[in-house]
Amino acid sequence: LSGRHSMLPRHVQRLGRDWITHWNGSQILALNSPVSSCMRWAGHYPPWASFPLPISADFSANWRVPPFFGPWRQFQNPNWYLDNYTQSCCFHLPNPSMKSEGEEPLTKKRRLSGQDDTLTPEQETNLSNQKEESCLSVAQNEEKRGSKKGSIKRHWEYFCQQSKTMKTAENKGSDQSSTGSEATFDFTVMSYNILSQNLLEDNSHLYKHCRQRLLFWTYRFPNILQEIKELDADVLCLQEVQEDHYRTEIKSSLESLGYHCEYKMRTGRKPDGCAICFKTSKFSLISSKPVEFFRRDIPLLDRDNVGLVLLLQPRFHCKANAAICIANTHLLYNPRRGDIKLTQLAMLLAEIASVAPQRDGSFCPVIICGDFNSVPGSPLYRFIKEGKLNYEGLAIGKVSGQEQFPRGQRILSIPIWPKKLGISQNCVYEIKQQQKEENAGEKLEAAKPDNPQEIVIASEKLSSKLQHHFKLSSVYSHYFPETGIPEVTTCHSRSAVTVDYIFYSAANDDTAAQPGAEDSFRGGLKLLGRLALLTEKDLWTVNGLPNENNSSDHLPLLAEFRLIER
(Lines give C-alpha, C1' and ligand atoms only; values in the text may rest on other atoms or scores of the structure.)
Protein backbone atom coordinates (compact mmCIF):
# COMPACT_ATOMS: atom_id res chain seq x y z
CA LEU A 1 0.00 0.00 0.00
CA SER A 2 2.81 2.38 0.85
CA GLY A 3 4.46 1.53 -2.47
CA ARG A 4 1.47 2.52 -4.58
CA HIS A 5 0.57 5.54 -2.48
CA SER A 6 3.94 6.97 -1.43
CA MET A 7 2.50 10.44 -1.86
CA LEU A 8 0.06 9.87 0.99
CA PRO A 9 1.07 10.99 4.49
CA ARG A 10 2.56 8.22 6.59
CA HIS A 11 -0.31 8.19 9.10
CA VAL A 12 -2.82 7.74 6.26
CA GLN A 13 -0.79 4.82 4.88
CA ARG A 14 -0.76 3.28 8.36
CA LEU A 15 -4.51 3.80 8.57
CA GLY A 16 -4.98 1.84 5.36
CA ARG A 17 -2.78 -1.00 6.55
CA ASP A 18 -4.73 -1.28 9.80
CA TRP A 19 -8.04 -1.42 7.92
CA ILE A 20 -6.75 -4.20 5.66
CA THR A 21 -5.45 -6.09 8.67
CA HIS A 22 -8.78 -6.04 10.52
CA TRP A 23 -11.30 -6.35 7.73
CA ASN A 24 -11.98 -9.32 5.50
CA GLY A 25 -11.98 -9.10 1.72
CA SER A 26 -15.53 -7.84 1.41
CA GLN A 27 -14.90 -5.05 3.94
CA ILE A 28 -11.56 -3.70 2.71
CA LEU A 29 -11.59 0.01 2.01
CA ALA A 30 -10.13 0.30 -1.47
CA LEU A 31 -7.75 3.19 -1.10
CA ASN A 32 -6.32 2.43 -4.54
CA SER A 33 -9.57 3.44 -6.24
CA PRO A 34 -10.89 7.01 -6.66
CA VAL A 35 -12.81 8.21 -3.63
CA SER A 36 -15.73 10.37 -4.65
CA SER A 37 -17.70 10.45 -1.44
CA CYS A 38 -17.01 11.20 2.17
CA MET A 39 -17.12 8.28 4.60
CA ARG A 40 -18.79 8.68 7.94
CA TRP A 41 -19.17 6.28 10.84
CA ALA A 42 -22.59 5.05 11.79
CA GLY A 43 -23.71 5.57 15.35
CA HIS A 44 -25.13 2.04 15.56
CA TYR A 45 -23.70 -1.11 14.08
CA PRO A 46 -24.30 -4.87 14.29
CA PRO A 47 -23.13 -6.61 17.46
CA TRP A 48 -20.78 -8.83 15.44
CA ALA A 49 -18.83 -5.85 14.15
CA SER A 50 -15.68 -5.14 16.16
CA PHE A 51 -15.81 -1.49 15.09
CA PRO A 52 -18.29 0.78 13.29
CA LEU A 53 -19.04 0.25 9.63
CA PRO A 54 -18.32 2.99 7.06
CA ILE A 55 -21.33 4.47 5.31
CA SER A 56 -21.12 6.60 2.21
CA ALA A 57 -22.45 10.14 2.30
CA ASP A 58 -22.17 12.31 -0.81
CA PHE A 59 -20.93 15.57 0.62
CA SER A 60 -18.11 16.38 -1.76
CA ALA A 61 -16.43 14.93 -4.79
CA ASN A 62 -13.11 16.34 -3.65
CA TRP A 63 -12.84 14.37 -0.44
CA ARG A 64 -9.55 14.19 1.44
CA VAL A 65 -8.51 12.78 4.78
CA PRO A 66 -8.56 15.58 7.34
CA PRO A 67 -5.09 16.57 8.63
CA PHE A 68 -5.93 15.71 12.24
CA PHE A 69 -6.72 12.08 11.43
CA GLY A 70 -4.08 10.04 13.23
CA PRO A 71 -3.15 6.35 13.29
CA TRP A 72 -5.72 3.66 13.90
CA ARG A 73 -6.45 3.15 17.58
CA GLN A 74 -8.43 0.79 19.72
CA PHE A 75 -11.72 2.50 20.38
CA GLN A 76 -13.69 1.90 23.57
CA ASN A 77 -16.47 4.41 23.08
CA PRO A 78 -19.23 3.60 20.57
CA ASN A 79 -20.62 7.16 20.40
CA TRP A 80 -19.54 7.86 16.82
CA TYR A 81 -21.16 10.61 14.84
CA LEU A 82 -20.57 13.06 12.03
CA ASP A 83 -20.20 16.68 13.02
CA ASN A 84 -23.23 18.39 11.53
CA TYR A 85 -21.92 21.89 11.99
CA THR A 86 -19.22 21.59 9.30
CA GLN A 87 -18.60 19.52 6.21
CA SER A 88 -14.85 20.03 6.23
CA CYS A 89 -14.35 17.48 9.03
CA CYS A 90 -15.36 14.10 7.72
CA PHE A 91 -14.42 12.04 10.77
CA HIS A 92 -14.95 12.63 14.46
CA LEU A 93 -13.18 10.45 17.01
CA PRO A 94 -14.77 10.51 20.47
CA ASN A 95 -12.14 8.28 22.03
CA PRO A 96 -11.32 8.54 25.74
CA SER A 97 -7.97 6.86 25.37
CA MET A 98 -6.13 8.41 22.43
CA LYS A 99 -2.48 7.66 22.91
CA SER A 100 -0.54 8.08 19.67
CA GLU A 101 2.88 9.63 19.99
CA GLY A 102 3.52 13.24 19.18
CA GLU A 103 -0.04 14.46 19.63
CA GLU A 104 0.65 16.56 22.71
CA PRO A 105 3.40 18.84 24.08
CA LEU A 106 6.23 16.87 25.65
CA THR A 107 5.96 18.78 28.93
CA LYS A 108 2.34 17.73 29.26
CA LYS A 109 2.73 14.11 28.16
CA ARG A 110 1.81 12.49 31.43
CA ARG A 111 -1.12 10.64 32.93
CA LEU A 112 -2.86 11.43 36.20
CA SER A 113 -3.77 7.82 36.85
CA GLY A 114 -0.65 6.17 35.47
CA GLN A 115 -2.74 3.32 34.08
CA ASP A 116 -2.68 1.97 30.56
CA ASP A 117 -5.72 2.64 28.43
CA THR A 118 -5.69 -0.69 26.60
CA LEU A 119 -7.96 -3.26 28.16
CA THR A 120 -7.78 -7.01 27.72
CA PRO A 121 -11.01 -8.85 26.83
CA GLU A 122 -11.15 -10.13 30.42
CA GLN A 123 -10.85 -6.58 31.80
CA GLU A 124 -13.52 -5.38 29.39
CA THR A 125 -15.84 -8.12 30.64
CA ASN A 126 -15.17 -7.13 34.25
CA LEU A 127 -15.84 -3.47 33.46
CA SER A 128 -19.08 -4.45 31.76
CA ASN A 129 -20.16 -6.31 34.89
CA GLN A 130 -19.10 -3.41 37.09
CA LYS A 131 -21.16 -1.08 34.91
CA GLU A 132 -24.34 -2.96 35.77
CA GLU A 133 -23.50 -2.83 39.48
CA SER A 134 -22.57 0.87 39.42
CA CYS A 135 -25.94 1.90 37.99
CA LEU A 136 -27.42 1.55 41.45
CA SER A 137 -24.84 3.90 42.94
CA VAL A 138 -25.53 6.59 40.35
CA ALA A 139 -29.25 6.97 40.63
CA GLN A 140 -30.51 4.51 43.27
CA ASN A 141 -33.86 3.70 41.69
CA GLU A 142 -34.00 7.07 39.93
CA GLU A 143 -33.81 7.46 36.17
CA LYS A 144 -30.15 7.64 35.19
CA ARG A 145 -30.63 10.02 32.30
CA GLY A 146 -31.85 13.54 33.04
CA SER A 147 -34.48 15.47 31.20
CA LYS A 148 -31.89 16.93 28.83
CA LYS A 149 -30.57 14.73 26.05
CA GLY A 150 -27.13 13.32 26.76
CA SER A 151 -27.11 14.30 30.43
CA ILE A 152 -26.68 12.16 33.55
CA LYS A 153 -28.83 12.84 36.56
CA ARG A 154 -26.95 13.23 39.85
CA HIS A 155 -28.94 12.60 42.99
CA TRP A 156 -28.69 13.96 46.53
CA GLU A 157 -27.41 11.71 49.27
CA TYR A 158 -28.86 12.66 52.66
CA PHE A 159 -27.41 12.07 56.10
CA CYS A 160 -30.25 13.81 57.93
CA GLN A 161 -33.99 13.31 57.43
CA GLN A 162 -34.70 16.94 58.28
CA SER A 163 -32.34 18.01 55.53
CA LYS A 164 -34.24 15.85 53.02
CA THR A 165 -37.53 17.41 54.06
CA MET A 166 -36.11 20.89 53.73
CA LYS A 167 -34.57 20.09 50.34
CA THR A 168 -37.80 18.65 49.01
CA ALA A 169 -39.67 21.74 50.14
CA GLU A 170 -36.96 23.91 48.54
CA ASN A 171 -36.46 25.78 51.78
CA LYS A 172 -32.70 25.47 52.01
CA GLY A 173 -31.50 27.49 54.96
CA SER A 174 -34.64 29.64 55.07
CA ASP A 175 -35.92 28.15 58.33
CA GLN A 176 -33.10 28.36 60.83
CA SER A 177 -34.00 26.84 64.15
CA SER A 178 -32.88 27.60 67.67
CA THR A 179 -33.69 25.00 70.26
CA GLY A 180 -32.34 24.84 73.78
CA SER A 181 -28.67 25.84 74.00
CA GLU A 182 -27.92 24.88 70.39
CA ALA A 183 -28.54 27.18 67.40
CA THR A 184 -28.35 25.91 63.83
CA PHE A 185 -27.65 27.53 60.50
CA ASP A 186 -27.90 25.51 57.27
CA PHE A 187 -26.02 26.42 54.11
CA THR A 188 -24.56 24.83 50.97
CA VAL A 189 -21.02 24.99 49.56
CA MET A 190 -19.87 24.21 46.01
CA SER A 191 -16.34 23.54 44.78
CA TYR A 192 -15.99 23.73 41.00
CA ASN A 193 -13.03 23.86 38.64
CA ILE A 194 -14.68 25.57 35.66
CA LEU A 195 -11.76 25.02 33.20
CA SER A 196 -10.01 28.19 32.10
CA GLN A 197 -10.36 28.75 28.36
CA ASN A 198 -6.64 29.50 28.03
CA LEU A 199 -5.72 26.25 29.74
CA LEU A 200 -8.19 24.37 27.56
CA GLU A 201 -6.57 25.74 24.41
CA ASP A 202 -3.02 25.17 25.72
CA ASN A 203 -3.85 21.52 26.50
CA SER A 204 -6.06 20.66 23.54
CA HIS A 205 -4.72 17.09 23.52
CA LEU A 206 -6.90 16.42 26.58
CA TYR A 207 -10.10 17.22 24.69
CA LYS A 208 -9.77 15.36 21.40
CA HIS A 209 -12.89 13.41 22.27
CA CYS A 210 -14.99 16.60 22.19
CA ARG A 211 -16.73 18.25 19.28
CA GLN A 212 -15.02 21.52 18.54
CA ARG A 213 -18.05 23.74 18.99
CA LEU A 214 -18.50 22.48 22.58
CA LEU A 215 -15.11 23.90 23.53
CA PHE A 216 -15.79 27.54 22.67
CA TRP A 217 -16.20 29.84 25.68
CA THR A 218 -19.35 31.32 24.13
CA TYR A 219 -20.89 27.83 24.35
CA ARG A 220 -19.34 26.84 27.69
CA PHE A 221 -20.07 29.85 29.88
CA PRO A 222 -23.90 29.79 29.54
CA ASN A 223 -23.79 26.10 30.50
CA ILE A 224 -21.58 26.75 33.53
CA LEU A 225 -23.73 29.67 34.65
CA GLN A 226 -26.90 27.60 34.26
CA GLU A 227 -25.34 24.82 36.33
CA ILE A 228 -24.51 27.32 39.08
CA LYS A 229 -28.06 28.68 38.98
CA GLU A 230 -29.63 25.23 39.23
CA LEU A 231 -27.44 24.02 42.09
CA ASP A 232 -27.97 27.36 43.87
CA ALA A 233 -25.16 27.05 46.44
CA ASP A 234 -24.79 29.64 49.17
CA VAL A 235 -20.99 29.63 48.80
CA LEU A 236 -19.07 29.05 45.56
CA CYS A 237 -15.38 28.08 45.52
CA LEU A 238 -14.28 28.29 41.88
CA GLN A 239 -10.92 27.36 40.38
CA GLU A 240 -9.42 28.18 36.96
CA VAL A 241 -11.39 31.41 36.75
CA GLN A 242 -9.84 33.33 33.85
CA GLU A 243 -9.22 36.95 34.78
CA ASP A 244 -10.61 38.64 31.65
CA HIS A 245 -13.73 36.46 31.73
CA TYR A 246 -14.16 37.15 35.45
CA ARG A 247 -13.86 40.88 34.90
CA THR A 248 -16.18 41.09 31.87
CA GLU A 249 -18.93 38.56 32.61
CA ILE A 250 -18.46 36.05 35.44
CA LYS A 251 -18.41 38.57 38.29
CA SER A 252 -21.40 40.58 37.03
CA SER A 253 -23.40 37.44 36.27
CA LEU A 254 -22.86 36.08 39.77
CA GLU A 255 -23.59 39.44 41.39
CA SER A 256 -26.92 39.47 39.57
CA LEU A 257 -27.67 36.16 41.31
CA GLY A 258 -27.06 37.72 44.74
CA TYR A 259 -23.40 36.78 45.25
CA HIS A 260 -20.54 38.90 46.55
CA CYS A 261 -17.29 37.85 44.84
CA GLU A 262 -13.68 37.78 46.01
CA TYR A 263 -10.98 36.87 43.47
CA LYS A 264 -7.25 36.14 43.45
CA MET A 265 -5.46 35.77 40.13
CA ARG A 266 -2.38 33.58 39.81
CA THR A 267 0.96 35.35 39.91
CA GLY A 268 3.30 35.73 36.95
CA ARG A 269 1.77 35.46 33.50
CA LYS A 270 -0.94 32.97 34.45
CA PRO A 271 -4.31 34.53 33.53
CA ASP A 272 -6.58 32.45 35.80
CA GLY A 273 -7.15 32.21 39.53
CA CYS A 274 -9.46 31.29 42.41
CA ALA A 275 -12.73 32.93 43.41
CA ILE A 276 -14.96 32.62 46.48
CA CYS A 277 -18.49 33.95 46.06
CA PHE A 278 -21.14 33.97 48.75
CA LYS A 279 -24.79 35.01 48.93
CA THR A 280 -25.13 38.29 50.76
CA SER A 281 -28.50 37.13 52.05
CA LYS A 282 -26.74 34.38 54.04
CA PHE A 283 -23.33 35.83 54.97
CA SER A 284 -21.42 39.04 55.52
CA LEU A 285 -17.67 39.38 54.90
CA ILE A 286 -15.37 39.73 57.91
CA SER A 287 -12.03 39.41 56.10
CA SER A 288 -10.48 38.27 52.82
CA LYS A 289 -6.88 37.04 52.65
CA PRO A 290 -5.20 36.05 49.36
CA VAL A 291 -2.30 33.59 49.54
CA GLU A 292 0.49 33.64 46.96
CA PHE A 293 2.60 30.49 46.80
CA PHE A 294 5.32 32.13 44.70
CA ARG A 295 8.32 33.45 46.64
CA ARG A 296 11.06 35.16 44.68
CA ASP A 297 13.63 34.54 47.42
CA ILE A 298 12.91 30.79 47.75
CA PRO A 299 13.89 28.64 44.72
CA LEU A 300 11.51 25.87 45.80
CA LEU A 301 8.52 28.20 45.49
CA ASP A 302 8.83 29.21 41.85
CA ARG A 303 5.26 28.30 40.82
CA ASP A 304 2.34 30.69 40.40
CA ASN A 305 -0.46 28.86 42.24
CA VAL A 306 -2.58 30.78 44.74
CA GLY A 307 -5.18 30.38 47.46
CA LEU A 308 -7.89 32.51 49.02
CA VAL A 309 -9.13 32.50 52.63
CA LEU A 310 -12.37 34.22 53.69
CA LEU A 311 -13.86 34.68 57.14
CA LEU A 312 -17.65 34.90 56.88
CA GLN A 313 -20.29 35.79 59.45
CA PRO A 314 -23.65 34.02 59.11
CA ARG A 315 -26.73 36.23 59.07
CA PHE A 316 -28.80 34.61 61.79
CA HIS A 317 -29.96 35.57 65.25
CA CYS A 318 -27.47 33.87 67.48
CA LYS A 319 -24.01 34.74 68.74
CA ALA A 320 -22.69 37.94 67.25
CA ASN A 321 -19.18 36.51 66.94
CA ALA A 322 -20.17 33.35 65.01
CA ALA A 323 -17.90 32.86 62.01
CA ILE A 324 -16.98 30.31 59.32
CA CYS A 325 -13.60 30.16 57.57
CA ILE A 326 -13.79 29.26 53.86
CA ALA A 327 -10.57 28.48 51.95
CA ASN A 328 -10.11 27.77 48.24
CA THR A 329 -7.01 26.72 46.31
CA HIS A 330 -5.65 25.04 43.21
CA LEU A 331 -2.36 23.29 43.97
CA LEU A 332 0.41 22.59 41.47
CA TYR A 333 -0.33 19.85 38.93
CA ASN A 334 3.16 18.42 38.34
CA PRO A 335 3.07 14.83 39.72
CA ARG A 336 6.85 14.84 40.22
CA ARG A 337 6.95 17.87 42.54
CA GLY A 338 5.38 16.67 45.76
CA ASP A 339 7.77 18.91 47.68
CA ILE A 340 6.15 21.99 46.14
CA LYS A 341 2.63 20.64 46.69
CA LEU A 342 3.24 20.03 50.40
CA THR A 343 4.80 23.46 50.86
CA GLN A 344 1.88 25.17 49.10
CA LEU A 345 -0.54 23.25 51.32
CA ALA A 346 1.41 24.25 54.44
CA MET A 347 1.24 27.92 53.41
CA LEU A 348 -2.54 27.67 52.98
CA LEU A 349 -2.98 25.94 56.35
CA ALA A 350 -0.81 28.58 58.05
CA GLU A 351 -3.03 31.35 56.66
CA ILE A 352 -6.16 29.52 57.83
CA ALA A 353 -4.60 29.09 61.27
CA SER A 354 -4.02 32.84 61.45
CA VAL A 355 -7.61 33.68 60.43
CA ALA A 356 -9.72 31.02 62.17
CA PRO A 357 -8.85 31.47 65.91
CA GLN A 358 -11.62 32.88 68.11
CA ARG A 359 -11.38 34.84 71.34
CA ASP A 360 -11.51 31.75 73.52
CA GLY A 361 -8.56 30.19 71.69
CA SER A 362 -10.56 27.61 69.72
CA PHE A 363 -10.93 27.63 65.95
CA CYS A 364 -14.11 28.60 64.17
CA PRO A 365 -15.47 25.95 61.76
CA VAL A 366 -13.29 25.57 58.65
CA ILE A 367 -14.14 24.46 55.09
CA ILE A 368 -11.31 23.90 52.59
CA CYS A 369 -12.24 23.46 48.93
CA GLY A 370 -10.22 23.10 45.78
CA ASP A 371 -8.40 21.13 43.15
CA PHE A 372 -5.54 19.54 45.10
CA ASN A 373 -4.11 17.53 42.17
CA SER A 374 -3.78 14.56 44.52
CA VAL A 375 -5.76 11.34 44.66
CA PRO A 376 -7.53 9.74 47.65
CA GLY A 377 -5.21 7.77 49.91
CA SER A 378 -2.08 9.61 48.79
CA PRO A 379 0.33 10.98 51.43
CA LEU A 380 -0.86 14.54 50.78
CA TYR A 381 -4.51 13.49 51.13
CA ARG A 382 -3.77 11.57 54.35
CA PHE A 383 -1.94 14.57 55.77
CA ILE A 384 -5.03 16.75 55.28
CA LYS A 385 -7.38 14.25 56.91
CA GLU A 386 -5.16 12.82 59.64
CA GLY A 387 -3.35 16.02 60.56
CA LYS A 388 0.11 14.43 60.49
CA LEU A 389 2.63 13.06 58.01
CA ASN A 390 6.06 11.50 58.52
CA TYR A 391 7.71 12.09 55.15
CA GLU A 392 11.11 10.56 55.95
CA GLY A 393 12.22 8.52 52.93
CA LEU A 394 9.18 9.57 50.85
CA ALA A 395 9.87 10.10 47.14
CA ILE A 396 8.59 13.41 45.77
CA GLY A 397 6.78 11.58 42.95
CA LYS A 398 4.65 9.60 45.42
CA VAL A 399 3.28 12.54 47.44
CA SER A 400 0.18 13.11 45.28
CA GLY A 401 -0.39 9.54 44.05
CA GLN A 402 -1.15 10.80 40.55
CA GLU A 403 1.12 8.26 38.85
CA GLN A 404 1.08 4.54 39.45
CA PHE A 405 4.76 4.38 38.53
CA PRO A 406 6.04 7.82 39.61
CA ARG A 407 8.98 9.32 37.75
CA GLY A 408 10.05 11.62 40.57
CA GLN A 409 12.33 9.36 42.61
CA ARG A 410 14.23 12.00 44.60
CA ILE A 411 13.57 11.73 48.33
CA LEU A 412 12.00 14.68 50.13
CA SER A 413 14.57 16.77 51.97
CA ILE A 414 14.33 17.39 55.72
CA PRO A 415 12.95 19.95 56.21
CA ILE A 416 11.04 20.36 52.95
CA TRP A 417 11.03 24.17 52.96
CA PRO A 418 13.66 26.58 54.28
CA LYS A 419 13.41 28.41 57.59
CA LYS A 420 13.07 31.79 55.96
CA LEU A 421 9.59 30.85 54.71
CA GLY A 422 8.51 31.51 58.29
CA ILE A 423 6.23 28.47 58.62
CA SER A 424 6.82 25.75 61.19
CA GLN A 425 6.45 21.99 60.78
CA ASN A 426 3.07 22.49 62.50
CA CYS A 427 1.92 24.56 59.51
CA VAL A 428 1.57 27.83 61.42
CA TYR A 429 3.40 31.13 61.08
CA GLU A 430 6.43 31.20 63.38
CA ILE A 431 6.32 34.25 65.63
CA LYS A 432 7.90 35.65 68.72
CA GLN A 433 6.40 33.64 71.55
CA GLN A 434 5.65 35.03 74.99
CA GLN A 435 5.39 32.37 77.61
CA LYS A 436 3.21 32.71 80.66
CA GLU A 437 3.24 30.21 83.45
CA GLU A 438 -0.21 29.26 84.70
CA ASN A 439 -1.63 26.43 86.80
CA ALA A 440 -1.93 23.98 83.90
CA GLY A 441 1.45 24.87 82.37
CA GLU A 442 2.38 26.95 79.37
CA LYS A 443 0.04 29.15 77.45
CA LEU A 444 1.22 30.67 74.17
CA GLU A 445 0.03 34.00 72.86
CA ALA A 446 0.57 34.61 69.20
CA ALA A 447 -0.20 37.22 66.60
CA LYS A 448 0.73 37.04 62.93
CA PRO A 449 3.16 39.90 62.03
CA ASP A 450 2.22 42.39 59.35
CA ASN A 451 5.64 42.18 57.73
CA PRO A 452 6.90 38.65 56.94
CA GLN A 453 10.49 39.98 57.04
CA GLU A 454 10.09 40.68 60.75
CA ILE A 455 9.25 37.10 61.61
CA VAL A 456 11.39 35.75 64.42
CA ILE A 457 12.14 32.10 63.82
CA ALA A 458 11.87 29.89 66.89
CA SER A 459 14.51 27.26 67.39
CA GLU A 460 13.18 23.91 66.29
CA LYS A 461 14.75 20.50 66.04
CA LEU A 462 14.87 19.19 62.49
CA SER A 463 11.96 16.80 62.09
CA SER A 464 10.43 14.84 59.21
CA LYS A 465 6.99 15.07 60.79
CA LEU A 466 4.40 17.55 59.55
CA GLN A 467 1.32 18.43 61.59
CA HIS A 468 -1.65 20.76 61.46
CA HIS A 469 -4.23 21.77 64.06
CA PHE A 470 -7.41 21.01 62.12
CA LYS A 471 -9.50 17.86 62.43
CA LEU A 472 -10.81 17.61 58.89
CA SER A 473 -13.22 15.20 57.23
CA SER A 474 -13.96 14.77 53.53
CA VAL A 475 -17.49 15.34 52.26
CA TYR A 476 -17.07 12.47 49.80
CA SER A 477 -16.04 8.88 50.50
CA HIS A 478 -14.34 8.45 47.05
CA TYR A 479 -15.69 4.93 46.46
CA PHE A 480 -19.22 3.67 45.97
CA PRO A 481 -19.97 1.42 48.96
CA GLU A 482 -22.08 -1.06 46.98
CA THR A 483 -19.39 -1.83 44.39
CA GLY A 484 -16.08 -0.32 45.51
CA ILE A 485 -15.85 1.50 42.18
CA PRO A 486 -14.03 4.84 42.47
CA GLU A 487 -15.85 8.15 42.24
CA VAL A 488 -14.33 10.61 39.78
CA THR A 489 -14.33 14.40 39.80
CA THR A 490 -12.49 14.96 36.49
CA CYS A 491 -12.66 13.03 33.22
CA HIS A 492 -10.96 13.80 29.91
CA SER A 493 -8.99 12.00 27.19
CA ARG A 494 -6.10 11.18 29.49
CA SER A 495 -7.60 10.16 32.82
CA ALA A 496 -10.59 9.97 35.11
CA VAL A 497 -9.80 10.40 38.81
CA THR A 498 -10.68 12.31 41.97
CA VAL A 499 -8.56 15.43 42.57
CA ASP A 500 -11.24 17.86 43.85
CA TYR A 501 -12.34 17.89 47.49
CA ILE A 502 -14.40 19.62 50.14
CA PHE A 503 -12.84 19.18 53.60
CA TYR A 504 -14.61 20.44 56.72
CA SER A 505 -14.19 20.56 60.49
CA ALA A 506 -16.86 18.24 61.81
CA ALA A 507 -18.99 18.65 64.91
CA ASN A 508 -18.68 15.93 67.53
CA ASP A 509 -22.08 14.46 66.65
CA ASP A 510 -21.54 14.40 62.87
CA THR A 511 -22.21 10.79 61.90
CA ALA A 512 -20.79 11.34 58.41
CA ALA A 513 -17.40 12.50 59.71
CA GLN A 514 -14.28 10.44 60.07
CA PRO A 515 -13.63 8.99 63.56
CA GLY A 516 -11.82 11.26 66.01
CA ALA A 517 -12.58 13.81 68.69
CA GLU A 518 -13.09 17.40 67.68
CA ASP A 519 -11.11 18.87 70.53
CA SER A 520 -9.85 22.10 68.94
CA PHE A 521 -13.18 23.44 67.72
CA ARG A 522 -16.10 25.06 69.46
CA GLY A 523 -19.23 23.65 67.87
CA GLY A 524 -18.52 22.63 64.30
CA LEU A 525 -20.22 21.54 61.09
CA LYS A 526 -22.63 18.70 60.53
CA LEU A 527 -22.81 17.26 57.01
CA LEU A 528 -26.48 17.06 56.02
CA GLY A 529 -26.16 15.94 52.43
CA ARG A 530 -24.08 15.93 49.25
CA LEU A 531 -24.58 15.80 45.50
CA ALA A 532 -23.51 12.30 44.47
CA LEU A 533 -20.52 11.86 42.16
CA LEU A 534 -20.28 9.47 39.21
CA THR A 535 -18.04 6.70 37.92
CA GLU A 536 -15.79 6.92 34.88
CA LYS A 537 -18.09 4.54 33.00
CA ASP A 538 -21.07 6.76 33.74
CA LEU A 539 -19.31 9.80 32.31
CA TRP A 540 -18.24 8.07 29.10
CA THR A 541 -21.88 7.30 28.36
CA VAL A 542 -22.12 11.06 27.63
CA ASN A 543 -18.69 11.21 25.95
CA GLY A 544 -16.75 12.24 29.04
CA LEU A 545 -16.09 15.85 30.01
CA PRO A 546 -16.68 18.44 28.70
CA ASN A 547 -19.87 17.46 26.88
CA GLU A 548 -23.05 19.09 25.60
CA ASN A 549 -24.44 19.81 29.07
CA ASN A 550 -21.35 19.82 31.31
CA SER A 551 -18.88 22.39 30.02
CA SER A 552 -15.89 21.77 32.30
CA ASP A 553 -13.60 18.76 32.54
CA HIS A 554 -14.45 18.67 36.27
CA LEU A 555 -17.73 17.95 38.05
CA PRO A 556 -19.04 20.44 40.61
CA LEU A 557 -18.92 19.19 44.20
CA LEU A 558 -21.80 20.30 46.42
CA ALA A 559 -22.50 19.75 50.12
CA GLU A 560 -25.04 20.98 52.64
CA PHE A 561 -23.84 21.79 56.18
CA ARG A 562 -25.36 22.76 59.48
CA LEU A 563 -23.39 25.16 61.64
CA ILE A 564 -23.70 24.22 65.29
CA GLU A 565 -22.87 26.86 67.88
CA ARG A 566 -22.81 25.65 71.50
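1. Let's start with the chain as a whole: of its 566 residues, 54% are buried (under 20% relative accessible area, where exposed means over 50% and partly exposed lies in between, with a 1.4 Å probe and protein chains only). Please keep in mind that this is a predicted model, in which local features need pLDDT of at least 70, side-chain atom pairs count only at pLDDT 80 or more, and totals for chains, interfaces and linings use all residues. Residues are numbered from 1 along each chain as its sequence is written, and side-chain values use heavy atoms, without hydrogens and water.

2. The protein chain holds nine helices and 22 strands (DSSP runs numbered from the N terminus, helices being H or I of at least four residues and strands E of at least two). Among contacts (heavy atoms within 4.5 Å) between residues at least 6 apart in sequence, 70% join residues at least 24 apart.

3. Helix 5 is a good place to look next. Its 15 residues, 217–231, should span 21 Å at 1.5 Å a residue, and the end C-alpha atoms are indeed 21 Å apart (the expected span is 1.5 Å times one less than the number of residues). Buried residues in helix 5 include Trp217, Phe221, Ile224, Ile228 and Leu231. Just after helix 5, aspartate 232 has a positive phi of about 55 degrees.

4. Now to the interior. The largest nonpolar core has 63 residues, and among those that touch the most other members are Phe187, Val235, Leu254 and Phe561 (a core is a set of buried Ala, Val, Leu, Ile, Met, Phe, Trp, Tyr and Cys residues joined through side-chain atoms within 4.5 Å). Helix 5 gives the most to this core, with six residues. Apart from this core lies another, of 50 residues, including Leu331 and Trp417. Beyond its neighbours within four places in sequence, phenylalanine 187 is in contact with residues including Asp234, Phe283, Ile367 and Phe561.

5. Do follow aspartate 232 across to strand 8. Its side chain meets that of lysine 279 in a salt bridge, 2.3 Å from N to O (a side-chain nitrogen of Lys or Arg within 4 Å of a carboxyl oxygen of Asp or Glu). Because aspartate 232 lies in the loop between helix 5 and strand 6 and lysine 279 in strand 8, the pair ties together parts that are 47 residues apart in sequence. Aspartate 232 is partly exposed at 31% relative accessible area, whereas lysine 279 counts as buried at 12%.

6. Strand 8 (residues 272–279) also runs antiparallel to strand 7 (residues 259–265), with seven bridges joining them (strands pair if DSSP finds at least two bridges between them). Histidine 260 stands opposite phenylalanine 278 of strand 8. Six residues lie between the strands of this hairpin, where glycine 268 takes a positive phi near 70 degrees.

7. A few more salt bridges deserve a look, from the 14 found in the whole structure. Glutamate 255 pairs with lysine 251, the closest N and O atoms being 2.6 Å apart. These two are four residues apart in helix 6 (residues 243–256), so about one helical turn separates them. Aspartate 302 and arginine 303 also form a salt bridge, at 2.9 Å from N to O. Elsewhere, Arg337, Asp339 and Arg410 are joined into one network by salt bridges that share partners.

8. Finally, proline 290 is found in strand 9 (residues 283–292). This proline 290 is partly exposed, with a relative accessible area of 46%. Leaving aside neighbours within four places in sequence, proline 290 is in contact with Lys264, Gly307 and Leu308.
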